[in-house]
Amino acid sequence: MRANSLLTRVAVSVGAVAIVTGAIFALKGVAPVLSLGVLYIFAVLPVAISFGLPYAVAVAVGSMLAFNFFFLPPTHTFALHDSANWVALAVYLVTAVVVSELATRGRRRA
């Protein structure tokens, strides 16, 4: 893979997490923050479909870290005190793997 393509994929992956994080900041006044964490799926899905498993897993982990750092108490730390946070990370990772595999199979058939 060319360096330019790698840089583009990394930039899109980071950008997806940043866009969803911004959307959660914008929406946290109208909905509970814990409910808004599911929006990170909109970062994981397109990356999984477009770039494959390694990028999807990175976005899933990055999404959980961003959500934990910016929105979950104690904010601005990476402490995961609540077991529900680990469940959220597991859901992001499973989604990343499943969607990535489905997209790979679809590309092979095409």
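The expected span of a helix is 1.5 Å times one less than its number of residues. Keep that in mind for a look at helix α5, and remember throughout that this is a predicted model.

**Two helices, end to end**

Helix α5 covers residues 83-109, which makes 27 residues. From first C-alpha to last it reaches 39 Å, close to the 39 Å expected at 1.5 Å a residue. Helix α4 can be put through the same check: with 19 residues at 1.5 Å a residue it should span 27 Å, and its end C-alpha atoms are 26 Å apart, which agrees.

Both helices have a buried set of residues. In α5 these are N85, L89, Y92, T95, A96, V99, S100, A103 and T104. What lies over them? The cover for the buried residues of α5 includes α3 and α4. In α4, the buried residues are Y55, A56, V59, A60, S63, M64, A66, F67, N68 and F71.

R107 also sits in α5, but it counts as partly exposed, because its relative accessibility is 44% and buried means under 20%. R107 and I49 are 58 residues apart in sequence, yet their C-alpha atoms are 9.8 Å apart in space.

**Three residues on the inside**

Now for some individual buried residues. Start with S13, which belongs to helix α1 (residues 3-27). S13 is buried, with a relative accessible area of 8%. Which residues does S13 touch, once neighbours within four places in sequence are set aside? S13 is in contact with V47, F51, Y55 and V59.

One of those partners, V47, is part of helix α3 (residues 41-51). V47 is buried too, at a relative accessible area of 2%. Not counting residues up to four places away in sequence, V47 touches S13, A16, G52, Y55, A56 and V59. With V59 there is also a distance to quote: the two residues are 12 apart along the chain, and their C-alpha atoms are separated by 7.6 Å.

Then there is S63, in helix α4. S63 is buried, and its relative accessible area is 0%. Leaving out neighbours within four places in sequence, the contacts of S63 are V17, Y40, A43 and V44.

Here are some residues from this report side by side, with how much of each is accessible.

| Residue | Relative accessible area | Status |
|---|---|---|
| S63 | 0% | buried |
| V47 | 2% | buried |
| S13 | 8% | buried |
| F69 | 23% | partly exposed |
| F70 | 32% | partly exposed |
| V10 | 37% | partly exposed |
| R107 | 44% | partly exposed |
| H76 | 53% | exposed |

**A cluster of rings**

Aromatic rings are worth a stop of their own. With rings paired when their centres lie within 6.5 Å, the count comes to 8 aromatic pairs. One of them is F67 with F71, a tilted pair at 5.8 Å centre to centre with 40° between the planes. Why are these two about one helical turn apart? F67 and F71 are 4 residues apart in helix α4 (residues 53-71), so about one helical turn separates them. Both F67 and F71 are buried.

F69 and F70 make another pair: their ring centres are 5.1 Å apart and the planes meet at 90°, so this pair is edge-to-face. F69 is partly exposed at 23% relative accessibility, and F70 is also partly exposed, at 32%.

Ring pairs tie these residues into a wider group. The cluster is made of F25, Y40, F67, F69, F70, F71 and F78. Y40 has come up already, as one of the contacts of S63.

**Out on the surface**

Which residues make the nonpolar surface patch of about 240 Å²? They are L6, V10 and V14. V10 lies in helix α1 and is partly exposed, with a relative accessible area of 37%.

The last stop is H76, in the loop between α4 and α5. H76 is exposed, at a relative accessible area of 53%. Its backbone has a positive phi of about 60°, although H76 is not a glycine.

Terms used
Residues are numbered from 1 along each chain as its sequence is written. This is a predicted model: local features need pLDDT of at least 70, side-chain atom pairs count only at pLDDT 80 or more; totals for chains, interfaces and linings use all residues. Side-chain values use heavy atoms; hydrogens and water are left out. Rings of Phe, Tyr and Trp (its six-membered ring) pair if their centres lie within 6.5 Å; planes under 30 degrees apart count as stacked, over 60 as edge-to-face and the rest as tilted. Buried means under 20% relative accessible area, exposed over 50%, partly exposed in between (1.4 Å probe, protein chains only). Contact means heavy atoms within 4.5 Å. Patches are made of residues with over 30% relative accessible area and no salt bridge: like charges are joined within 9 Å, nonpolar side chains (Val, Leu, Ile, Met, Phe, Trp, Tyr) within 5 Å. Accessible areas come from the Shrake-Rupley method with a 1.4 Å probe; for residues, only the protein chains shown count as cover. A salt bridge is a side-chain nitrogen of Lys or Arg within 4 Å of a carboxyl oxygen of Asp or Glu.
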